[in-house]
Amino acid sequence: ELNTDAAFDDRDHNANNIIAEIPGSDPKAGYVMAGAHFDSWIAADGASDNGAGSIVVIEAARILRQLGVRPKRTIRFALWEGEEQGLLGSTGYAKAARERGLDIAGMITNDIVGNTRSADGSVDRGRLRLFAQGVPATATLSDEVLAALRTSGENDLPTRQLARFIREQAERYVRDFTVEMIWRRDRYLRGGDHFPFQEAGYPAVRFTEPLEDWRHQHQDVRVENGVQYGDLPEFV
């Protein structure tokens, strides 16, 4: 197992990630990962950000185990610590995975996935946004990425291939539901636990709810001018 308790940032923070897995039938086939962060913003409640994402990961693990699924690749389910404090848990894990040569075919983070109602009251329960970066934001680019750029093939790089595969499976198995692919790393000025995996060279994407209400994200719980602020369970 990876040492996820090692100090890895300048504040010597020890991250305690929670990792479970369903072993694959082929030990040489590598891994796929589904994760979410279990911390919330400072002292505020974190029902959608990110209790909802954590529940998705736990339920996926429970159902697949109950069904007796035996995949070719090992499936690892991860709950990351310290996302709100600087992606601490996922950064430590991704760095350790790359140093040990762990083969991760794809990583999905579920982050803010519990709300379907926008600030104007409209509701959208048939869509989930999927953020997929093209060219990785790294200081140096691999030969694979450079070759793709020379031929205008950046849309075919692994992270976007993963995104298209996810959408295909959603359309195949989930009725009246759409995965909306967004060719960005994330929303403007926002980020998530997929960043460290992308930077380590792994395909990684983010799921996020279709409609966001900023009154219920990164807000201290309070009532202001008759409006309830805070990431509370009643808004999930």
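The following questions and answers concern a predicted model of a protein.

Me: How many helices and strands does the protein have, and in which order do the elements run?
Reply: The secondary structure comes to five helices and nine strands. Read from the N terminus, the order of the elements is β-β-α-β-α-β-β-α-α-β-α-β-β-β.

Me: How does the radius of gyration of the protein stand against the globule rule, and what is its value?
Reply: For 236 residues the globule rule gives 18 Å, and the protein is close to that, so it is as compact as a globular protein of that length. Along the principal axes, the C-alpha atoms fill a box of roughly 55 × 45 × 40 Å. The radius of gyration itself is 18 Å.

Me: What share of the 236 residues is buried?
Reply: A residue counts as buried when its relative accessible area is under 20%. The protein exposes about 12,600 Å², of which carbon and sulfur atoms supply 51%. The buried share of the 236 residues is 48%.

Me: Of the contacts with a separation of 6 or more, what percentage is between residues 24 or more positions apart?
Reply: Contact here means heavy atoms within 4.5 Å. Among the contacts in the protein with a separation of 6 or more, the part due to residues 24 or more positions apart is 74%.

Me: How far apart are the centres of the positive and negative side chains?
Reply: The protein has 28 positive side chains and 37 negative ones. The centres of these two sets are separated by 6 Å.

Me: Is Thr208 buried or exposed, and what is its relative accessibility?
Reply: Thr208 belongs to strand E7, residues 204-208. Its contacts beyond four places in sequence are Asp111, Ile112, Val113, Leu128, Arg129, Phe131 and Arg187. Thr208 counts as buried because buried means under 20% and its relative accessibility is 0%.

Me: Which residue has its backbone oxygen 3.3 Å from a polar atom of the Thr208 side chain?
Reply: Asp111 and Val113 are both among the residues that Thr208 touches. The backbone oxygen that lies 3.3 Å from a polar atom of the Thr208 side chain is that of Asp111.

Me: What is the C-alpha distance between Val113 and Asp49?
Reply: Val113 sits in the loop between strand E4 (104-110) and strand E5 (127-131). Beyond four places in sequence, Val113 is in contact with Ser48, Ala52, Gly53, Val56, Phe207, Thr208 and Glu209. Asp49 is 64 residues away from Val113 in sequence, and the C-alpha distance is 7.7 Å.

Me: Which two residues does a cis peptide bond join, and what is omega?
Reply: Asn50 is placed in helix H1, residues 47-67. The cis peptide bond joins Asp49 and Asn50, with omega about 10 degrees.

Me: Where is Ser152, and what is its phi?
Reply: Ser152 is in the loop between helix H3 (143-150) and helix H4 (158-173). With a relative accessible area of 62%, Ser152 is exposed. Although Ser152 is not a glycine, its phi is positive, at about 55 degrees.

Me: What is the relative accessible area of Leu189?
Reply: Leu189 lies in the loop between strand E6 (178-182) and helix H5 (194-199). Its phi is near 60 degrees, a positive value in a residue other than glycine. Leu189 is exposed, with a relative accessible area of 89%.

Me: How far is Asp103 from Phe235, C-alpha to C-alpha?
Reply: Asp103 is in the loop between helix H2 (88-99) and E4, and counts as partly exposed at 42% relative accessibility. Outside its neighbours within four places in sequence, Asp103 contacts Ala29, Gly30 and Tyr31. Phe235 is 132 residues from Asp103 along the chain, and their C-alpha atoms are separated by 38 Å.

Me: What separates the C-alpha atoms of Tyr93 and Leu146?
Reply: Tyr93 is found in helix H2 and counts as buried at 2% relative accessibility. Tyr93 and Leu146 are 53 residues apart along the chain, and the separation of their C-alpha atoms is 27 Å.

Me: Which residues are in contact with Ser40, leaving aside neighbours within four places in sequence?
Reply: Ser40 lies in the loop between strand E2 (31-37) and H1, and at 22% relative accessibility it counts as partly exposed. Asp193, 153 residues from Ser40 in sequence, is 13 Å away from C-alpha to C-alpha. The residues in contact with Ser40 are Asp45, Gly46, Asp49, Glu84 and Gln85.

Conventions. Residues are numbered from 1 along each chain as its sequence is written. This is a predicted model: local features need pLDDT of at least 70, side-chain atom pairs count only at pLDDT 80 or more; totals for chains, interfaces and linings use all residues. Side-chain values use heavy atoms; hydrogens and water are left out. Helices (H or I, at least four residues) and strands (E, at least two) are DSSP runs, numbered from the N terminus. The radius of gyration is taken over C-alpha atoms; the globule rule is 2.2 Å times the number of residues to the power 0.38. Buried means under 20% relative accessible area, exposed over 50%, partly exposed in between (1.4 Å probe, protein chains only). Accessible areas come from the Shrake-Rupley method with a 1.4 Å probe; for residues, only the protein chains shown count as cover. Lys and Arg count as positive and Asp and Glu as negative; His and the chain ends are not counted. The place of a charge is taken as NZ of Lys, CZ of Arg, CG of Asp or CD of Glu. A polar contact is a pair of N or O atoms within 3.5 Å; within protein, one must be able to donate a hydrogen and the other to accept it, and residues adjacent in sequence count only if both atoms are side-chain atoms.
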